Amino acid sequence: NEPIFIRVMNASKKRSPVRAKVREVVSEALLDAAESVALEPGLEAASASAIAQRAGVAVGTLYNYFPDRDGILAALFKTRRGAIVPELDAAATAGAALPFEDRLRAYVRRLLEVFDANSSFLRLSVRADGEGTKIKGRDKTLMTQVLHHIEQIMRDGATRKLFPASRVPAYARMLQASVKALVLWHVEE
């Protein structure tokens, strides 16, 4: 038997499934709008009002979801990267039983598919790097993750005596650099 004020407080903390879904949909619409607006004039010119307008909500609504413009941009980078990393991890483990060359080809193919599906975000990331834009909490480790996966695959190739283990770091970096160059070229086109 809880006092009434505790029951009211606990009830207010719980969101109905419908309200939670609405909140999720509005939040995602705001992130999509932030990505779209930031791609046009650039990150520095992407204002909270332009993001809200693109999402079709009032600026006050944006502030109900994010503390400020920098907060929405930080959330954008965090959520987009958070969606990409598990896909990269899955690509790395999916072909573990394949022969070396098939596994490497499958990983690179899937990697390029993931990057292609996220080309707008990658274009924005490249632009942020080029502009030297500082975004709180921004993490630049996607290509580090790719390097880690390629090294794992290359170590498997060395274990199978396809090339010396001493070549793994160089081969992995060469392939990672090639993939990065291809992605950058594709994003800039």
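Reader: Is Glu-35 buried or exposed?

Author: In this predicted model, Glu-35 is buried, because its relative accessible area is 11%, and buried means under 20%.

Reader: Where does Glu-35 lie?

Author: Glu-35 lies in helix H2, which covers residues 17-39.

Reader: Which side chain does Glu-35 join in a polar contact?

Author: The partner is Arg-80: the two side chains are joined by a polar contact of 2.8 Å. In addition, a polar atom of the Glu-35 side chain lies 3.5 Å from the backbone nitrogen of Phe-121.

Reader: And which residues is Glu-35 in contact with, leaving aside neighbours within four places in sequence?

Author: With those neighbours left aside, the contacts of Glu-35 are Leu-76, Arg-80, Ser-120, Phe-121 and Leu-124. Arg-80 therefore appears both in this list and as the polar partner of the buried Glu-35.

Reader: Let us step back. How many helices and strands does the chain have?

Author: There are 9 helices and 0 strands in the protein chain. Along the sequence the pattern reads α-α-α-α-α-α-α-α-α.

Reader: What share of the residues is buried?

Author: Of the 189 residues in the protein chain, 37% are buried. The accessible surface of the chain is about 11,200 Å², and carbon and sulfur atoms account for 55% of that surface.

Reader: What about contacts between residues far apart in sequence?

Author: Taking contacts between residues at least 6 apart in sequence, 68% join residues at least 24 apart.

Reader: Where is confidence lowest, and where is it highest?

Author: Helix H1, residues 4-13, has the lowest confidence, with a mean of 54. The highest is found in helix H6, residues 100-117, at 94. The average pLDDT over the protein chain is 86, and 86% of the residues score at least 70.

Reader: Why should one be careful where pLDDT is low?

Author: Where pLDDT is low, the predicted coordinates should not be read in detail. In this chain, helix H1 is the element with the lowest mean.

Reader: On to the rings. How many aromatic pairs are there?

Author: The count is 3 aromatic pairs. One of them joins Phe-163 and Tyr-171, whose ring centres are 5.2 Å apart with 75 degrees between the planes.

Reader: Why does that pair count as edge-to-face?

Author: The angle between the planes is 75 degrees, and planes over 60 degrees apart count as edge-to-face.

Reader: Are those two residues buried or partly exposed?

Author: Phe-163 counts as buried, at 14% relative accessibility, whereas Tyr-171 counts as partly exposed, at 24%.

Reader: Which residues form the aromatic cluster?

Author: Phe-100, Phe-163 and Tyr-171 form one aromatic cluster.

Reader: Which ring does the charged end of Arg-23 sit over?

Author: The charged end of Arg-23 sits over the ring of Tyr-65, at 4.3 Å from the ring centre.

Reader: Now Gln-176: which helix does it lie in, and is it buried or exposed?

Author: Gln-176 lies in helix H9 and counts as buried, at 14% relative accessibility.

Reader: What does the side chain of Gln-176 reach?

Author: The side chain reaches the backbone oxygen of Met-143, at 2.9 Å. Apart from neighbours within four places in sequence, Gln-176 is in contact with Met-143, Thr-144, Val-146, Leu-147 and Ile-150.

Reader: What can be said of the loop between H8 and H9, where Lys-161 lies?

Author: Lys-161 in that loop is exposed, with a relative accessible area of 72%. Its phi is near 65 degrees, a positive value in a residue other than glycine. Most residues other than glycine have a negative phi.

Reader: Where is Arg-167 found?

Author: Arg-167 is found in the loop between helix H8 (142-159) and helix H9 (168-188). Arg-167 counts as partly exposed, at 41% relative accessibility. Its C-alpha is 9.2 Å from that of Arg-155, with the two residues 12 apart in sequence.

Reader: Lastly, which residues does Glu-87 touch, not counting those up to four places away in sequence?

Author: On that basis, Glu-87 touches Arg-110 and Val-114. Glu-87 belongs to helix H5, residues 69-94, and is partly exposed, with a relative accessible area of 28%. Between Glu-87 and Phe-115 the C-alpha to C-alpha distance is 9.9 Å, across 28 residues in sequence.

Definitions and conventions
Residues numbered from 1 in each chain as written. Predicted model: local features only at pLDDT ≥ 70, side-chain atom pairs only at ≥ 80, totals over all residues. Heavy atoms only, no water. pLDDT = per-residue confidence, 0-100. Helix = DSSP H or I, 4+ residues; strand = E, 2+ residues; numbered from the N terminus. Phe/Tyr/Trp six-rings, centres within 6.5 Å; stacked < 30°, edge-to-face > 60°. Buried < 20%, exposed > 50% of the residue type's maximum accessible area, 1.4 Å probe, protein only. Lys NZ or Arg CZ within 6 Å of the ring centre and 35° of its normal. Contact = heavy atoms within 4.5 Å. Areas by Shrake-Rupley, 256 points an atom, 1.4 Å probe, with all protein chains shown as cover. Polar contact = N/O pair within 3.5 Å; in protein donor to acceptor, adjacent residues only side chain to side chain.
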